[in-house]
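Biologist: I'm new to reading protein structures and would like some help. Could you walk me through one, feature by feature?

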Number of protein chains: 2
Amino acid sequence: MLDITTQLTTNPKEKPAVDALGFGNYFTDHMFILDYTEGIGWHDGRIIPYQPISLDPSAMIFHYGQSVFEGLKAYVTVDNDILLFRPERNFARLNHSNDRLCIPKIDEEYALEALKQLVNVDREWVPNAPGTSLYIRPFIIATEEHLGVHPAKNYKFIIIMSPSGSYYKEGINPVKILVEQQFVRAVKGGTGEAKTGGNYASALKGQEIADREGYSQTLWLDGKENRYVEEVGSMNIFFKINGTVITPELNGSILPGITRDSMIQVLKSKNIPVEERRISIDEVVEAHHNGTLEEVFGTGTAAVISPVGELKYLEEKFTINKGEIGEVSQMLYDTLTGIQTGKVEDTFGWTIRL
Amino acid sequence: MLDITTQLTTNPKEKPAVDALGFGNYFTDHMFILDYTEGIGWHDGRIIPYQPISLDPSAMIFHYGQSVFEGLKAYVTVDNDILLFRPERNFARLNHSNDRLCIPKIDEEYALEALKQLVNVDREWVPNAPGTSLYIRPFIIATEEHLGVHPAKNYKFIIIMSPSGSYYKEGINPVKILVEQQFVRAVKGGTGEAKTGGNYASALKGQEIADREGYSQTLWLDGKENRYVEEVGSMNIFFKINGTVITPELNGSILPGITRDSMIQVLKSKNIPVEERRISIDEVVEAHHNGTLEEVFGTGTAAVISPVGELKYLEEKFTINKGEIGEVSQMLYDTLTGIQTGKVEDTFGWTIRL
């Protein structure tokens, strides 16, 4: 099981220009694949040249959505080392998602070793311009060739990597978000806390509505009462109200973000009050009306922090912090990206150096 | 657009023995593919030999679950004609699912024409033993090679076909179902009324629990109040209480089953009272306690009808109709399968003869 074979490409690709990167458009020269076969388990881990996957049209991933994924980033330091940010948390969460989707668990240590070897093989692909990174996408798909509805007997665990610029075209500028009224992303008892394709497919319609109204993200309320704040776009959300930073507690329908967890720890280390609890949209509206809604921001691997400059709920539009990034948002962004790129001392022990 | 090219296989497969068929295990010699490219639309419809699909590992279907599908059956009549059952309804529903998942709509007439041509090409694959049929699976997957979360710019619409025996190993024998308490299949505002992979992936966990307790299907309650009956397994559900047949009304989180709709029409034609309305699990329990719960059955394309012989809710187990198939269930099964196979006159105009 702990073997990983490596077959290097004989035909390396040309690397894209840094300013043409964007997000998720280009892929490195190699990928990692691990197969699962019922009765055998996970086997044949291998680093191979980046290449298409050939699947039977009856492969279950095309029909019943049994898939999970992760997202994390590697950065180059000024010393030309490569830093991974809390990758063990990604593989722990992948297994949590696996459990919800009835996918067999992976060996987390093995996956981390595979990731390190893959990054090393393609280390020249990690971009080093400010704001850029190597985005890493581990994912698992059901590959059994069968149309019955049941957990598949075969899977592929794959890691691909994409040199990426900033996620948001607007950069660190605050975005406008729309509170979604009609559609729901997730509900307690559903798959909201798992990182599975269906959650993202489900959210596209809300995003389409936001786009049409000129908003860049959707703010999702809970599926039961349509009242409590859950996520923004595909990020966790934080509100700074009267000096205290509040983020919705993990209730089963919210993704346990690794950036979210890191932000909470940074806030605590700076003695800034932070609460994980239910927060209703009414509380947010009231805080705005009485002048105590100081900052709003989303957190996620791709964006790190995305400040919210405007929020629309029903027919009312709120401008937050004059449409500018707030002090705490800026501090969190600087601290986290500083740790991730090796410019700020990692007192939390979050980074792995390659 | 209305062109369909046909490339016949030079290497036809051996047809499996009828008693080895099962469900969704074998596939015919040919498949239909139609591509979508942003700016061009759907194009290049073609019937080709059944073959693997090659996709980049960044293809969005592997990450964000943007997929929809349909299921329908073709039957051989005693005259060796082939009957399709309400196929236009499947393509209408596919477009409804497309809308929810932000997938561009297909031309329903064209899709039906493609389906007819494909079935004709593989007509020798339609099995003719009692209970067997050719299961047809149209599906659409997002193929754009990009890791950003947005509706894809490229798709494939594919039809594959599988000669199939009976869906349930138990045949027409009543099944035992377990009312799910912890997990939820869908919620209003989610994707429950669309036929998309994520709904099926989400439901696997409930099925796993049912399996473990010796039940063959999960009965799903609504996601908001955990009280109103929605579906059973991947079927719609009907209750006969005191002479009236009741099925949950289409509320946005229930799949609008074509078999469900057909059953309602058959019941009306036989002057059996039928109601589409909200029905709580408490009403079902009370009906059982006062002796008026006469029949329970699921409906779907694969099973047509699946009578429920036992239902477990919380710690209580109910035996329904002595664990036997009920009169109305049997009548509906005989009528629908009769129409589908050409043995009962199709007064509804549901079948298309090839």
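Biologist: Let's start with the two chains: how many residues of chain B are in contact with chain A?

Modeller: Before we count, keep in mind that this is a predicted model. For contacts, you simply ask which residues have heavy atoms within 4.5 Å of the partner. Here 57 residues of chain B touch 57 residues of chain A.

Biologist: And what area is buried between chain B and chain A?

Modeller: About 4800 Å², and carbon and sulfur atoms give 63% of that. On the chain B side, the residues that lose the most area to chain A are B:F62, B:L147 and B:L204, which together make up 14% of what that side buries.

Biologist: Charges next. How many salt bridges does the rule find across the interface of chain B and chain A?

Modeller: Look for a Lys or Arg side-chain nitrogen within 4 Å of an Asp or Glu carboxyl oxygen. Across this interface the rule finds two such bridges. One to look up joins the side chains of A:D99 and B:K205, at 3.3 Å from N to O. Polar contacts are counted separately: 24 residue pairs across the interface, both residues at pLDDT 80 or more.

Biologist: Which element of chain B gives the most to the side that touches chain A?

Modeller: Helix 3 of chain B, with eight residues. The elements giving two or more residues to that side are strand 4 (53-55), strand 5 (67-69), helix 1 (87-100), strand 8 (133-142) and helix 3 (197-212) of chain B. Sorted by class, the side of chain B that touches chain A has 28 nonpolar, 20 polar and nine charged residues.

Biologist: Strands can pair up too. How many bridges join strand 4 of chain A to strand 4 of chain B?

Modeller: Three, and the two strands run antiparallel. To see one partner pair, find A:L55, whose bridge partner in strand 4 of chain B is B:I53.

Biologist: What about salt bridges in the whole structure: how many are there over all chains?

Modeller: There are 34 over all chains. Take the side chains of A:E70 and A:R93, which meet at 2.7 Å, N to O. A:E70 sits in the loop between strand 5 (67-69) and strand 6 (72-76) of chain A, while A:R93 is in helix 2 (residues 87-100) of chain A, so this pair ties together parts 23 residues apart in sequence.

Biologist: And rings? How many aromatic pairs does the structure hold over all chains?

Modeller: It holds 31. With a ring pair, check the distance between the centres and then the angle between the planes, where over 60 degrees counts as edge-to-face. B:W42 and B:F157 are edge-to-face, with 6.5 Å centre to centre and 75° between the planes. B:W42 lies in strand 3 (residues 41-49) of chain B and B:F157 in strand 9 (residues 154-164) of chain B, so the pair ties together parts 115 residues apart in sequence.

Biologist: Now a single residue. Which residues does B:I352 touch, leaving out those up to four places away in sequence?

Modeller: B:I82, B:L83, B:L84, B:P87, B:E88, B:L112 and B:K116. B:I352 itself is in strand 19 (residues 351-353) of chain B.

Biologist: Last one, backbone angles: what is the phi of A:D44?

Modeller: Positive, about 60°, although A:D44 is not a glycine. A:D44 lies in strand 3 (residues 41-49) of chain A. B:L314 has a positive phi of about 55° and is not a glycine either; look for B:L314 in the loop between strand 17 (304-313) and strand 18 (316-319) of chain B.

Definitions and conventions:
Residues numbered from 1 in each chain as written. Chains lettered and ligands numbered in written order. Predicted model: local features only at pLDDT ≥ 70, side-chain atom pairs only at ≥ 80, totals over all residues. Heavy atoms only, no water. Buried area = accessible area lost by both parts, 1.4 Å probe. Polar contact = N/O pair within 3.5 Å; in protein donor to acceptor, adjacent residues only side chain to side chain. Helix = DSSP H or I, 4+ residues; strand = E, 2+ residues; numbered from the N terminus. Nonpolar A, V, L, I, M, F, W, Y, C, P; charged D, E, K, R; others polar. Pairing = 2+ DSSP bridges. Phe/Tyr/Trp six-rings, centres within 6.5 Å; stacked < 30°, edge-to-face > 60°.
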